[in-house]
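Biologist: I should be grateful for a close look at a single part of this protein. Please take one charged side chain and set out its surroundings, and then the fold around it.

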Amino acid sequence: MSNYMEAVIQEESTGCGIAASAALAGISYLEAKRIANALGIYASDKSLWSETDHVLKLLQALGIAVSSKEVPFESWERLPDKALMAIKWRMKQNKPYWHWVVFVREGSEAKVLDSKKALKSNVRQDFGRITPRWYIQVFN
């Protein structure tokens with residue numbers, strides 16, 4: 001694979017789903033945000049953090065094929081070569097919330113692309129510190 005996937009930084013504190021979608025599509029955050037907004041998806045919508053529908057709809061619009069099911073995380077080795085992952089999963093007022101990241105294995109290198117602005121590096125390999133709950137396989 002010659003074109004390595006890059007992390008996209010979320011421009012809004014709640015834009016991790018948009019940023020992860022942008023990384024998978026190889027486009028900028030603003031481009032992905034424009035497409036998301038045209039679909040009625042806004043980072044300010046709290047359901048983006050606790051539902052998968054919005055992100056799946058955005059990925060479909062971007063031409064990214066994904067599995068329709070959430071697979072519980074078992075181990076880093078068992079992940080497919082590309083996945084949209086839910087980390088920092090928690091319950092708040094009886095609603096699940098999480099942070100979207102992208103897992104990618106390119107050749108022998110595995111990494112997590114994390115869109116969080118405050119990170120020193122948005123390409124993470126500190127797997128012991130990341131606690132995925134589940135993932136959705138990405139096919140392209």
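Modeller: In this predicted model, Lys82 is buried and yet forms no salt bridge. The nearest side chain of opposite charge belongs to Glu106, at 6.9 Å, whereas a salt bridge requires a side-chain nitrogen within 4 Å of a carboxyl oxygen. Leaving aside residues up to four places away in sequence, Lys82 touches Met5, Leu24, Phe103, Val104, Gln137, Val138 and Asn140.

Lys82 lies in strand 2, which spans residues 82-92 and pairs with strand 3, residues 95-106, in the antiparallel sense over nine bridges. Within this pairing, Arg90 stands opposite Tyr97 of strand 3. Helix 1, residues 16-25, packs on the sheet and touches strand 2, strand 3 and strand 4 (109-113); the direction of helix 1 makes about 20° with that of strand 3.

The sheet as a whole is open and consists of six strands in the order 1-6-2-3-4-5, with antiparallel pairing. Strand 1 (71-72) and strand 5 (123-124) occupy the edges; each has a single partner strand, so one side of each is left without a neighbour in the sheet.

As to confidence, the protein averages a pLDDT of 92, and 96% of the residues score at least 70. Among the elements of the protein, strand 1 has the highest mean pLDDT, 98, and strand 3 the lowest, 93. Where pLDDT is low, the predicted coordinates should not be read in detail.

Terms used. Residues numbered from 1 in each chain as written. Predicted model: local features only at pLDDT ≥ 70, side-chain atom pairs only at ≥ 80, totals over all residues. Heavy atoms only, no water. Pairing = 2+ DSSP bridges. Helix = DSSP H or I, 4+ residues; strand = E, 2+ residues; numbered from the N terminus. Contact = heavy atoms within 4.5 Å. Axes fitted to C-alpha atoms, helices over the stretch in contact; angles between N-to-C directions. pLDDT = per-residue confidence, 0-100. Buried < 20%, exposed > 50% of the residue type's maximum accessible area, 1.4 Å probe, protein only. Lys, Arg positive; Asp, Glu negative; His and termini not counted.
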